[in-house]
Amino acid sequence: MEIPILPKDVQNYIEANLNTDLHSLLLKKSPFPEVSMQEIVQQIKGKQVAQKKFPFLLKEGIVFPPQLNLEQSSSDKTALYKSKILKGKKFIDLTSGFGIDAYYLSQNFEDITLVEQNPELLQIVQHNWSILDKKATFINIKLEDFLVENKESFDVIYLDPARRDNNKNKVFLLEDLSPNILEIQDKLLSISKQVVIKLSPLIDLKYLVSVLKNVVQIHIIAVKNDVKEIVVFLSNENSDKIKCNCINLDSGESDFQFCFGDEENAHAEFSEPERFIHFPNNTILKAGIFNLISDKFKLKKLHPNTHIYSSEIRINDFPGRIFEMEAIESKQIKKKQQFNIISKNYPLKPEEIKKKHSLKDGGNDYLIFTQSKKGKIILKSV
C-alpha cells in the first residue's frame, strides 16, 4: 500500500513539529510535493491523541486517520476492559473504524474479521495491523451488504455505530445511528451467539432495554469518573434478569453489580449527615440506582434529590469517594481560606459560593454545600 506520509523525511518533519501550533502550521506550504500540510497536521493530531488515548500506537510507521475517527475510537483502557470478558473462536467487528476495539477484543479469538465501508480507513487499519504483527481478514463493504451476502456464523459480533447524522450532528437514539441497530438486531442474533454494541454514555438505559431484544448485560464504563461508553450485550441464551456492571477504571474504586429493575424494589433511609459522607461515582449516577445504593450499603440519604449518603462508619468497598465531614454554620467559614467546593442540590454553584465567601480554590480540604430533609447544610472535611 502506497502511503505518501511514510517516507523517512516526512516522518522526521512530523516528529519535529509535534509541539508546533497547528493553526500556524496549516498556513505554511508543505515542504513535500506529494503530501499536503493538512495530511501532515492530521498525523500530528493523531500522535497527540495517541499519547493519552492509545499509546501502544506510538510506533514507527503507524498511520492515523481523520479527527472524527479518532474521536469515536475507544481508549486502550476501555478496550482492554472489554477484551477481558470476551472469548471464542470467531470474532467480527462490523464497524471497525480505526480498529482500536478490534485490536484488543480479538485477542482471545483465533479467527478475526474486520468490516469497514470506508476504503481509506480500512487501508490504514490494515497497514497498522501489519506493523503491529496482527492478522485479520479485512473486508471493504457496507455493513448492510455484508449481512445480505454473509453465510458464516460468529461467536461474537461487535459494533460501534456512527453517532453522527448526515450534517455531522451527534445522535443518540438507536434508530438514528448508522447502522440502525433496531433494523438489524434480528439478523445479528441469527448469525452469532453474542452481539456486543458500544453506545454513547448519554443513552437512556430504560429506553435501551425497551427497544433492544435479548439484552443480557449492560456495562457502564468510566475512566477516572468520566463515563465513556455504555456497552450492551445481546444473546439468544435465555436470561430472566439483565445484569448491569458499573466500572470506574483508573479510580481504585470497587465495581458494582446489580440487576436491571432492582432499583424499583429498593428503599432508601434518610437522616441528617453522619460522620462519613459517601459520593457515588458517575457510573452509579448514570445507572440511576439511588435507592439501591442506600439499601445495599446500609447508607442513609440526606434528601430525596440529594444523591449523597452518610453513615457512622466508612464503607471501604463503596463505588465512589468518601469524606469524613462535620456540619458547620456559614459564619464559621473564614475569608481567604482554601477549599475544594462541592455543590449538590444547592441554589448556588461552586463559583458563586467561592465569590460569596471570598474563598480560594484548591488545597486538601473540602466544603460541601447541599440539602438534607431539614434544609440547606454546609459540611466541612475533618
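Which residues are linked with Lys82 in a network of salt bridges? In this predicted model, where local features need pLDDT of at least 70, side-chain atom pairs count only at pLDDT 80 or more, and totals for chains, interfaces and linings use all residues, the network is made up of Lys82, Asp101, Asp160, Lys198 and Glu229. Residues are numbered from 1 along each chain as its sequence is written, and side-chain values use heavy atoms, with hydrogens and water left out.

A salt bridge is taken here as a side-chain nitrogen of Lys or Arg within 4 Å of a carboxyl oxygen of Asp or Glu, and a search of the whole structure finds 14 of them. Within the network, lysine 198 is bridged to aspartate 160, with the closest N and O atoms 3.3 Å apart. This pair links distant parts of the chain, since lysine 198 belongs to strand E5 and aspartate 160 to the loop between E4 and helix H9 (181-191), 38 residues apart; helices (H or I, at least four residues) and strands (E, at least two) are DSSP runs, numbered from the N terminus. Lysine 198 is buried, with a relative accessible area of 3%, and aspartate 160, at 11%, also counts as buried, where buried means under 20% relative accessible area, exposed over 50%, and partly exposed in between (1.4 Å probe, protein chains only).

A second salt bridge joins aspartate 155 to lysine 193, the closest N and O atoms being 3.5 Å apart. Aspartate 155 lies in strand E4 (residues 154-159) and lysine 193 in strand E5 (residues 192-199), 38 residues apart. Aspartate 155 is buried at 18% relative accessible area, whereas lysine 193 is exposed at 57%. In another salt bridge, glutamate 60 meets lysine 8, with 3.4 Å between the closest N and O atoms. Because glutamate 60 lies in the loop between helix H3 (37-53) and helix H4 (67-72), and lysine 8 in helix H1 (residues 8-16), the pair ties together parts that are 52 residues apart in sequence. Glutamate 60 is exposed, at 66% relative accessible area, and lysine 8 is exposed as well, at 52%.

Strands E4 and E5 also take their places in an open sheet of nine strands, ordered E3-E2-E1-E4-E5-E7-E6-E8-E9 with mixed pairing; two strands pair if DSSP finds at least two bridges between them. The edges are strand E3 (137-140) and strand E9 (256-259), each of which pairs on one side only. Strand E6 (residues 215-223) and strand E8 (residues 243-249) run parallel and are joined by seven bridges, and alanine 222 has asparagine 248 in E8 as its bridge partner.

Helix H5 (residues 76-83) is mostly covered, with six of its eight residues buried; among them is Lys82, a member of the salt-bridge network.

The largest nonpolar core, a set of buried Ala, Val, Leu, Ile, Met, Phe, Trp, Tyr and Cys residues joined through side-chain atoms within 4.5 Å, has 52 residues, of which Leu94, Leu159, Leu208 and Ile218 touch the most other members. Helix H9 gives the most to this core, with five residues. Leaving aside neighbours within four places in sequence, leucine 159 is in contact (heavy atoms within 4.5 Å) with residues including Leu94, Ile184, Val196 and Lys198. Apart from the largest core lies another, of 50 residues, among them Phe56, Leu57, Phe91 and Val223.
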